[in-house]
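I open the notebook here and set down, entry by entry, what I looked up in this structure and what I found.

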Amino acid sequence: MGSSKTKKIAVLALQGAFVEHEKRLKNLGAECVEIRQKADLMQDMDGLILPGGESTVQGKLLTQLGMLQMLRDRIRNGLPVLGTCAGLILLADELGKDEPAWLDTLPVRVRRNAYGRQLGSFWVNGEFQGIGKVPMTFIRAPYVESIGEGVEILAVVENRIVAVRYGNQLGIAFHPELDEDERIHKMFLDMCRQGF
Amino acid sequence: MSEERYVLNKQLAQMLKGGVIMDVTTPEQAQIAQEAGACAVMALERIPADIRAAGGVSRMSDPKMIKGIQEAVSIPVMAKCRIGHFVEAQILEAIEIDYIDESEVLSPVDDVYHIDKKQFQVPFVCGARDLGEALRRINEGASMIRTKGEPGTGDVVQAVRHMRRMNREIAKITSMRKDELYEEAKQLSVPFALVEYVHDKGRLPVVNFAAGGVATPADAALMMQLGAEGVFVGSGIFKSGNPKKRASAIVQAVTNYQDSRMLAELSEDLGEAMVGINEQEIALLMAERGV
């Protein structure tokens, strides 16, 4: 699959802002499929996007629909994945006290609602490694409190880690899908093109 | 509210899409709702069915009660203020509510003016029965719309009517010539720019949820198939026999709203649904408040 030109990207469509990701991907010439239940996972895909939304809702639905372990296995086997906001929370292997991890594949500790309630939501133009300045929209966002071995930091805003890469996993605290800038999605598609 | 803040507020609504927002009256109910997969909760002292039963003037909830719910859950917390009551809205902003619902469920305090929502930093959601109402609320600063439906009845007929009407009116504008939009803006009593947006994009400029009378997973899926981007469930959950199970089933029904086999499974063994009231049987039509 690594050689074919059009990349097929699966977008987790249980809840949240998945349509926004699909729009970006289609603009960049990728094919999108929505993942809403177990049966949707029985297909080949070149990459996976875990969108923003409410992580508790998405995590519970993943569990109830029997998809958690399947996704975990595919990510551990190297399927390229981009998690934004709630998606980053799903990937993290450590959350706050008494909050069990969901997919548990990304060795970072993530703090949820780290900037407070909606009044704490904000937008900045921040530096993203390898890309330059990109618009960053933070909505009731998390940030990364600490990273494990092998995790590369891609962006820091006000001394907080807001984007990381670990192997084929990209975890981002903000919402690149909400701004017009498509460079982060392009970077992810390049990752998918390199295959796994 | 700055333009940037307004955009952020619309974007929070985007994060709620495909989710279920549940009415809760206690921290315990809020936790049940979160546990069942609610994407946000609406904190209020009495759910619409009880407001309807009790009669009398219905007001904003006690901030202490709302704060109790904010502490109990990590998902966004919304609360209602009365139509036109900008001081109740100021109070809700002061306790850092995530979303204010300027709601016809409570007794309106102003029969002419809605709140100037642009004066606030926190986002507002407002009810609408048709496109004109929706665009007027958006013009006042609402960053999310929901159908009014008829709250507290367990009867989804009005939500269906409102959603269909909105869709029909959007389709009509989409098919108009551009030079006809000026007259349409005049008819709807809204600025030209909003009508032009609907014409160009074929949708509202903000997220649109269904609300009012949703009581079963099938009701929720119906609203999603009719084009709702998510669902509010008020009395339908905690007025039913098994709130936990019903809440979770409605959440799953909203995600897989097109899979009838799954909807059949989700509809099994939910216990008793809330007792509904048909629209002909009710004296008070809350949907007629604040147009």
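**Entry 1: a helix residue facing two chains**

I began with Thr56(A), which I found in helix H2 (residues 55-64) of chain A; helices here are DSSP runs of H or I with at least four residues, strands are runs of E with at least two, and both are numbered from the N terminus. I note at once that this is a predicted model, in which local features need pLDDT of at least 70 and side-chain atom pairs count only at pLDDT 80 or more, while totals for chains, interfaces and linings use all residues. Residues are numbered from 1 along each chain as its sequence is written, chains are lettered from A and ligands numbered from 1 in the order in which they are written, and side-chain values use heavy atoms, with hydrogens and water left out.

I then looked up the accessibility of Thr56(A), and at 8% relative accessibility it counts as buried, where buried means under 20% relative accessible area, exposed over 50% and partly exposed in between, with a 1.4 Å probe and protein chains only. Which residues is Thr56(A) in contact with, leaving aside its neighbours within four places in sequence? I listed Trp102(A) and Arg112(A) in its own chain, and Ser74(B) and Ile75(B) in the other, with contact taken as heavy atoms within 4.5 Å.

**Entry 2: chain A as a whole**

I recorded five helices and twelve strands for chain A. Its radius of gyration is 15 Å, close to the 16 Å that the globule rule gives for 196 residues, so chain A is as compact as a globular protein of that length; the radius is taken over C-alpha atoms, and the rule is 2.2 Å times the number of residues to the power 0.38. The C-alpha atoms occupy a box of roughly 40 × 35 × 30 Å along the principal axes, and 61% of the 196 residues are buried.

For the contacts in chain A with a separation of 6 or more, I noted that 65% are between residues 24 or more positions apart. The accessible surface of chain A is about 7,600 Å², with 46% of it on carbon and sulfur atoms, the areas coming from the Shrake-Rupley method with a 1.4 Å probe and, for residues, only the protein chains shown counting as cover.

**Entry 3: chain B as a whole**

I did the same for chain B, which has 13 helices and eight strands. Its radius of gyration of 18 Å is close to the 19 Å that the globule rule gives for 291 residues, so chain B too is as compact as a globular protein of its length. The box filled by its C-alpha atoms is roughly 55 × 45 × 40 Å along the principal axes, and 60% of the 291 residues count as buried. The accessible surface comes to about 11,300 Å², of which carbon and sulfur atoms hold 48%.

**Entry 4: aromatic rings**

I counted nine aromatic pairs over all chains, a pair being rings of Phe, Tyr or Trp (its six-membered ring) with centres within 6.5 Å, called stacked with planes under 30 degrees apart, edge-to-face over 60 and tilted for the rest. The rings of Phe122(A) and Phe138(A) have centres 4.5 Å apart and planes at 10 degrees, so I logged this pair as stacked. Phe122(A) lies in strand E7 (residues 122-128) and Phe138(A) in strand E8 (residues 132-138) of chain A, so the pair ties together parts 16 residues apart in sequence. Both Phe122(A) and Phe138(A) are buried, and they belong to one aromatic cluster with Tyr115(A), Phe128(A), Tyr143(A) and Phe174(A).

**Entry 5: Cys192(A)**

I placed Cys192(A) in helix H5 (residues 183-193) of chain A, and at 2% relative accessibility it counts as buried. Not counting residues up to four places away in sequence, Cys192(A) touches Lys7(A), Ile9(A), Asp46(A), Gly47(A) and Pro80(A). Its C-alpha atom is 9.2 Å from that of Lys8(A), although the two residues are 184 apart in sequence.

**Entry 6: positive phi values**

Most residues other than glycine have a negative phi. I found a positive phi of about 55 degrees at Cys85(A), in the loop between strand E4 (81-84) and helix H4 (86-91) of chain A, where Cys85(A) is buried at 5% relative accessibility. Asp98(A) has a positive phi near 60 degrees and lies in the loop between E5 and E6 of chain A, but Asp98(A) is exposed, with a relative accessible area of 75%.
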